[in-house]
Amino acid sequence: MPYAGVLAGLYWLQSAWAALLLYHCGMAAFLLAERRKPLFGALKINAPGFFWPALASCLLSGPVLFLLWPQAKLPGAGMADILVRFGLGGWPFLLFAVYYSTAHPVLEEIFWRQDAGHEAPRYAEDLAFAGYHLLVLWLFLKPAFLVPAFVFLAAAGMAWRRMAAEHGDRLAAVITHAAGDVSTIAAAALLANG
């Protein structure tokens with residue numbers, strides 16, 4: 001689903017909105033068919049010793065992108081031009097940023113890691129989670145930067161799964177995931193505005 005949504009939305013329709021909404025509709029349909037419920041547990045952080053380092057790591061994703069952008073970006077690729085190319089110029093970007101930073105991390109955590117704690121860790125899913133991001137990053141970054149991005153995203157997925165499986169802390173996973181999304185989208189906004 002994620003791969004099909006990104007391929008159809010970004011590569012065929014040339015629309016970030018289409019890619020995200022196709023992906024989200026696919027996840028929602030799957031979750032409804034499975035009758036999965038968003039079990040986040042009590043509204044508290046169960047493992048603060050694990051939460052704070054994870055939060056710091058996720059918040060650093062934007063500054064790292066911002067600092068590495070001049071070396072990491074594809075030749076001739078400006079962030080503003082890339083965003084406009086995929087329908088995210090002006091106010092649509094603001095709407096996208098809000099949706100991406102709120103609904104997106106919740107849906108992804110329910111879809112990718114909701115079963116954590118009910119069976120053996122499913123790290124293949126975390127690798128698949130990291131892998132679909134490469135279809136997006138391929139449009140922005142030089143190939144040499146895709147490997148560290150994949151490793152970071154796979155490690156993040158595994159950390160979020162561990163939060164849920166070992167600590168029953170799905171809320172912390174959603175919060176840190178959202179923090180990473182906010183940080184990354186903020187860096188994209190700063191790069192687009194020079």
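Reader: If contact means heavy atoms within 4.5 Å, what share of the contacts in the chain between residues at least 6 apart in sequence join residues at least 24 apart?

Author: In this predicted model, the share is 80% of the contacts between residues at least 6 apart in sequence.

Reader: And how many helices and strands are there in the chain?

Author: The chain has 9 helices and 0 strands, and reading along the sequence gives the pattern α-α-α-α-α-α-α-α-α. Of its 194 residues, 44% are buried.

Reader: Let's go to the largest pocket, then. How much space lies in it?

Author: The largest pocket holds about 1,100 Å³ of space. It is lined by 45 residues, and those closest to its centre are Leu65, Tyr100, His133, Leu137 and Thr184.

Reader: Which helix gives the most to that lining?

Author: That is helix α8, which covers residues 143–167 and gives 7 residues to the lining of the largest pocket.

Reader: How do the lining residues divide into nonpolar, polar and charged?

Author: The lining of the largest pocket divides into 36 nonpolar residues, 7 polar ones and 2 charged ones.

Reader: Changing topic to aromatics: how many aromatic pairs does the count come to?

Author: The count comes to 12 aromatic pairs. One of them joins tyrosine 3 and tyrosine 132, with 6.5 Å from centre to centre and 70° between the planes, and this pair is edge-to-face.

Reader: Which parts does that pair tie together?

Author: Tyrosine 3 belongs to helix α1 (residues 2–12) and tyrosine 132 to helix α7 (residues 123–137), so the pair ties together parts that lie 129 residues apart in sequence. As for exposure, tyrosine 132 is buried, because its relative accessibility is 4%, whereas tyrosine 3 is partly exposed at 33%.

Reader: What about the rings of phenylalanine 51 and tryptophan 52, and how are their planes set?

Author: Their ring centres are 4.9 Å apart and their planes stand at 75°, so phenylalanine 51 and tryptophan 52 form an edge-to-face pair. Phenylalanine 51 is buried, with a relative accessible area of 5%, but tryptophan 52 is exposed, at 55% relative accessibility.

Reader: Which residues form one aromatic cluster?

Author: One aromatic cluster is formed by Tyr3, Tyr23, Phe30, Phe111, Trp112, Phe129, Tyr132 and Trp160, and so both members of the edge-to-face pair between tyrosine 3 and tyrosine 132 appear in that cluster.

Reader: Now for charged residues. Is aspartate 126 buried or exposed?

Author: Aspartate 126 is buried, because its relative accessibility is 0%, which is under the 20% cut-off. This residue is found in helix α7.

Reader: Which residues is aspartate 126 in contact with, leaving aside its neighbours within four places in sequence?

Author: With those neighbours left aside, aspartate 126 is in contact with Arg113, Ala154, Gly157, Met158 and Arg161.

Reader: And aspartate 81, is that one buried or exposed?

Author: Aspartate 81 counts as exposed at 57% relative accessibility, and it is found in helix α5. Its C-alpha atom is 7.8 Å from that of alanine 192, although the two residues are 111 apart in sequence.

Reader: Where is the place of lysine 73, and which residues does lysine 73 touch, not counting those up to four places away in sequence?

Author: Lysine 73 sits in the loop between α4 (61–72) and α5 (79–85), and, with those residues not counted, it touches Phe140 and Lys142. The C-alpha atoms of lysine 73 and lysine 142 are separated by 5.8 Å, while the two residues are 69 apart along the chain. Lysine 73 is partly exposed, with a relative accessible area of 25%.

Reader: For the backbone, what is phi of glutamine 14 near?

Author: Phi of glutamine 14 is near 55°, which is a positive value in a residue other than glycine. Most residues other than glycine have a negative phi. Glutamine 14 is found in the loop between α1 and α2 (16–34), and at 31% relative accessibility it counts as partly exposed.

Reader: Last topic: how many disulfides does a search of the whole structure find?

Author: The search of the whole structure finds 0 disulfides. As for the cysteines, cysteine 25 is exposed, with a relative accessible area of 53%, while cysteine 58 is buried, with a relative accessible area of 6%.

Key: Residues are numbered from 1 along each chain as its sequence is written. This is a predicted model: local features need pLDDT of at least 70, side-chain atom pairs count only at pLDDT 80 or more; totals for chains, interfaces and linings use all residues. Side-chain values use heavy atoms; hydrogens and water are left out. On a 1 Å grid over the protein atoms alone, a cavity is a set of points where a 1.4 Å probe fits but cannot get out, and a pocket is an open set with protein on both sides within 12 Å along at least five of seven lines; lining residues have an atom within 4 Å of a point. Grid points are joined across faces, edges and corners, and a volume is the space filled by probe spheres set on the points. Helices (H or I, at least four residues) and strands (E, at least two) are DSSP runs, numbered from the N terminus. Ala, Val, Leu, Ile, Met, Phe, Trp, Tyr, Cys and Pro count as nonpolar, Asp, Glu, Lys and Arg as charged, and the others, Gly among them, as polar. A disulfide is a pair of cysteine sulfur atoms within 2.5 Å. Buried means under 20% relative accessible area, exposed over 50%, partly exposed in between (1.4 Å probe, protein chains only). Contact means heavy atoms within 4.5 Å. Rings of Phe, Tyr and Trp (its six-membered ring) pair if their centres lie within 6.5 Å; planes under 30 degrees apart count as stacked, over 60 as edge-to-face and the rest as tilted.
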